[in-house]
Amino acid sequence: MENKIHPKKERTLVIIKPDGVQRSMIGEITKRFERIGLKLAAVKMMVATEEQIEKHYTLDPEWRRITGEKTIESYKKKGLKPPSEDPFEITEAILKNLKNYMVKGPLVAMVWEGAHAVKIVRKLVGGTEPLSSDVGTIRGDFVLDSYQMADADGRAVRNLIHASGSTGEAENEINHWFKPEEIVNYKLAQERILYDVNLDGLLE
Ligand code: GDP
Ligand code: MG
């Protein structure tokens with residue numbers, strides 16, 4: 001299923017979270033996806049409900065376990081004691097904090113399309129925790145938050161942006177946030193340079 005479509009048609013879901021909108025980062029973030037050659041296929045600004053946020057994060061039934069385990073590991077790597085050894089207990093708290101964070105202001109949901117869109121966007125976005133995400137990535141360049149600080153204050157880590165983690169996740173998330181008719185199929189002039197096999201017709 002993953003390999004049926006040509007990689008240049010791959011789509012991914014991006015959400016500029018309420019902190020990204022408040023920090024006037026919509027332009028800075030979309031610029032990074034545009035300049036690498038991706039195509040904006042859908043965009044909308046909205047205030048989400050808690051139900052929409054919970055559904056978004058639990059579309060993947062494994063998310064609770066995986067996120068909990070990732071968090072426990074990240075504590076241990078730093079030589080710190082995790083707040084619990086039970087991944088589900090940890091994710092329950094994260095989910096509660098996420099609902100509290102993601103509905104507090106408008107967010108911008110977008111669909112980006114292009115070659116390896118999921119992996120390319122994740123590369124530009126950077127790792128989940130801003131403290132350790134690479135310099136040059138969106139999270140690494142523009143946020144200074146950490147799990148430690150977020151947990152001490154009992155809130156979600158503020159990392160500006162969400163991006164789908166896999167093509168399967170992208171498909172589910174795009175269906176969750178957009179109706180099919182809200183996604184625009186069109187050609188971008190620069191796609192010829194990015195994808196045409198022969199590049200005929202450039203020279204006069
Ligand atoms: P992402 O795909 O990189 O956004 O990360 P995940 O899907 O694992 O987690 C979703 C969101 O939950 C992240 O973007 C964070 O806002 C939040 N989150 C994830 N793990 C943790 C954690 O260990 N502690 C805290 N405070 N927030 C977390
Ligand atoms: Mg994720």
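Which helix gives the most residues to the shell around ligand 1? It's H4, with four residues.

This is a predicted model, so to speak of local features a pLDDT of at least 70 is needed, side-chain atom pairs count only at pLDDT 80 or more, and totals for chains, interfaces and linings use all residues. Residues are numbered from 1 along each chain as its sequence is written, chains are lettered from A and ligands numbered from 1 in the order in which they are written, and side-chain values use heavy atoms, leaving out hydrogens and water.

**View 1. Meet the shell around ligand 1.** There are 17 residues around the ligand (near means a heavy atom within 4 Å), and Lys-70, Thr-71, Arg-122, Thr-128 and Asn-159 come nearest. The shell splits into seven nonpolar residues (Ala, Val, Leu, Ile, Met, Phe, Trp, Tyr, Cys and Pro), six charged ones (Asp, Glu, Lys and Arg) and four polar ones (the others, Gly among them).

**View 2. Polar side chains reach ligand 1.** Look for polar contacts, meaning pairs of N or O atoms within 3.5 Å. Thr-128 has a polar side-chain atom 2.5 Å from a ligand oxygen, while for Arg-122 a side-chain N or O atom sits 2.9 Å from an oxygen of the ligand. Over at Asp-151, a side-chain N or O atom is 3.1 Å from a ligand nitrogen. The protein covers 96% of the 540 Å² of accessible area that ligand 1 has on its own (Shrake-Rupley method, 1.4 Å probe).

**View 3. Four strands make an open sheet.** Strands are DSSP runs of E, at least two residues, and helices are runs of H or I, at least four. The order is S2-S3-S1-S4, with antiparallel pairing (at least two DSSP bridges per pair). S2 (39-46) and S4 (161-163) stand at the edges with a single partner strand each, so one side of each has no neighbour in the sheet. S2 and S3 (residues 107-113) share seven bridges, and Met-45 stands opposite Val-108 in S3.

Notes:
A polar contact is a pair of N or O atoms within 3.5 Å; within protein, one must be able to donate a hydrogen and the other to accept it, and residues adjacent in sequence count only if both atoms are side-chain atoms.
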